[in-house]
Amino acid sequence: IPVSPFDLVIFGATGDLARRKILPGLFHRFKVEQMPEDARIIGAARSEFDSAAFRKVVRESLEQFVGEADRPANTVEQFLERIDYVNVDAMGDKGWDALSDLLREDKVRAFYFSVTPSLFGTLAEQLHKRGIATPESRIVVEKPFGHDLETAKALNADLLKCFNEEQIYRIDHYLGKETVQNLMALRFANSLFEPLWNSTHIDHVQITVAESLGVEGRGEYYDNSGAMRDMVQNHLMQLLCLIAMEPPSRFEPNAVRDEKVKVIEALEPVAPDDIVRGQYYDWNNRVGYKDHAGNPESRTESFVAMKVAVANWRWAGTPFYLRTGKKLRTRMSEIAVIFRDPPHMIFPKMEGRRGNALVIRLQPDEGITLRTTIKEPGPGGMRLTEVAMDMTFDDALGEDLHAQDAYERLIMDVIRGDQTLFMRGDEVESAWAWADPLIENWKNSTQRPASYDSGGSGPEESMMLMHQDGRRWRSVG
Ligand code: BG6
């Protein structure tokens, strides 16, 4: 379905995110004819380019980040015709009039801030005071949204001076992932799971976002953030919210976001013993996180695992275990919902029984597995075994699953004016209010992060976190 005609201005249009994700994403939407005839993309950045030079950058980014078979030459040419460029000085006067002249009165206006967060407020103010943003305009801001509660509040306040909440689209790209949206469909479009979705039936939940890459050239940013700020406060928190939230009354932005905020506000502080931090190290090559971060003294965590309690009626007594880390064995994200054992077993004890589990695989091999207990076939009597009822989305849905990347989906939602998959200001602040004390405690502690092998499953201490509760993590790949 095509969206309304728009002018999309990308600040930081020559930067990494724009070249890697935003421009290729827009190209895909153009190719499938979701971008209307007169939609336009306007790059804005400090580089002294003209439109022709910027189109060259766009062409190169497509060559690099879109497979050859997916970019027929004539489609690329047509896409490039939609592109303009203005050399804008975010802090000064240069370029703003030219930008204003390019924008059309009757089109949706969206401004994507793909720049360093310290410029978010300045850009908002420039757009506002120069009358470039209209009351219908939208702004899109990338993570990191603040470094802690205080900076997130200041950022929200800066943006809200110039725009109202309905105009602000805070991106968490995990919410744009097809399988993450599927979590909501799974929970709220089926009657099968909801009656079981509580602490009476669920023993615990495991949320794992494992990455095989290290900090790859982002050492400086990452060393100031760590896994807690980079992944847990935003992406894992969003996954936790979608799993734990109450059914919203409507699939509408505020109804959904109200329920997510309630989950974050119900989180109990995490006890220091319930959190494990780690740093990767490759013993074979004698190189590790600290080398990649360029900081031999670094205590920043490239891995974190924790036990989290959602203190409300539905979840009291069901812990949520979260873990995420770089340089783990594989790239694998999943949510495993582990059910309680039947209250009374009438069959002989099964060695190694793990019990019923619903595993939602988010990436890469997207799908759902339901682990069930059945009779072991054969004449051995009533012996039990476990099998996985497996549904791989690729088989069930074919190409549709990969039809759009998270960014494409989210940018189109901005144009449609749908904020459901974007974070509201209070949501981000609540998540920081929860994360800040954990980060602060860590800062004040003398403990060093536990070392873990590159290519492994994380520090031994993270295994203990589960073992001490008589549980165990699912394997990382
Ligand atoms: C980003 C983090 O937000 O998410 C990165 O800054 C991380 O450190 C990335 O690698 C993971 O995203 P995805 O989509 O590859 O799971």
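Strand β13, residues 357-363, is mostly covered: seven of its seven residues are buried. The structure is a predicted model, and this strand is a convenient place to start reading it.

β13 has a strand partner on either hand. Strand β12, residues 332-339, is joined to β13 by six bridges, and the two run antiparallel. Within this pairing, I335 has I360 of β13 as its bridge partner. Strand β14, residues 367-375, is also antiparallel to β13, with five bridges between them. Here I360 is matched with I368 of β14. I360 can therefore be followed from one pairing to the other, since it is the bridge partner of I335 and also that of I368. β13 and β14 form a hairpin, with three residues between the two strands. In general, strands of a sheet pair through backbone hydrogen bonds, either parallel or antiparallel.

Parallel pairing is found in another part of the chain. An open sheet of six strands is ordered β3-β2-β1-β4-β5-β6 and has parallel pairing. Its edge strands are β3 and β6, the latter at residues 168-170, and each of them pairs on one side only. On average, neighbouring strands of this sheet are turned by 20° against each other, direction ignored. At the β6 end, strand β5, residues 138-141, pairs with β6 in the parallel sense over three bridges. One residue match in this pairing is I139 with I168 of β6.

At the β3 end, helices come into the picture. Helix α2 lies across β2 and β3 and runs at about 120° to β3. Helix α3, residues 73-80, has four buried residues to look for: T75, V76, F79 and L80. Seen down the axis of α3, these buried residues fall within an arc of 135°, so they line one face of the helix. An α-helix has 3.6 residues a turn, so residues three or four places apart point the same way. On the other side of α3, A73 and N74 are exposed.

What do the buried residues of α3 pack against? They pack against helices α1 (16-31) and α2 (51-65), and against strands β2 (40-45) and β3 (83-87).

A database record covers part of the chain. In an unreviewed entry, UniProt places the feature "domain: Glucose-6-phosphate dehydrogenase NAD-binding" at residues 9-182. In the model, this span is 43% helix and 16% strand, and its end C-alpha atoms lie 30 Å apart.

Technical notes
Residues are numbered from 1 along each chain as its sequence is written. This is a predicted model: local features need pLDDT of at least 70, side-chain atom pairs count only at pLDDT 80 or more; totals for chains, interfaces and linings use all residues. Side-chain values use heavy atoms; hydrogens and water are left out. UniProt positions are given in the numbering used here, feature names are shortened, and annotations may be inferred rather than shown by experiment. Buried means under 20% relative accessible area, exposed over 50%, partly exposed in between (1.4 Å probe, protein chains only). Two strands pair if DSSP finds at least two bridges between them. The arc is that of the directions from the helix axis to the C-beta atoms. Contact means heavy atoms within 4.5 Å. Axes are lines fitted to C-alpha atoms, for helices over the stretch in contact, and angles run from 0 to 180 degrees between N-to-C directions.
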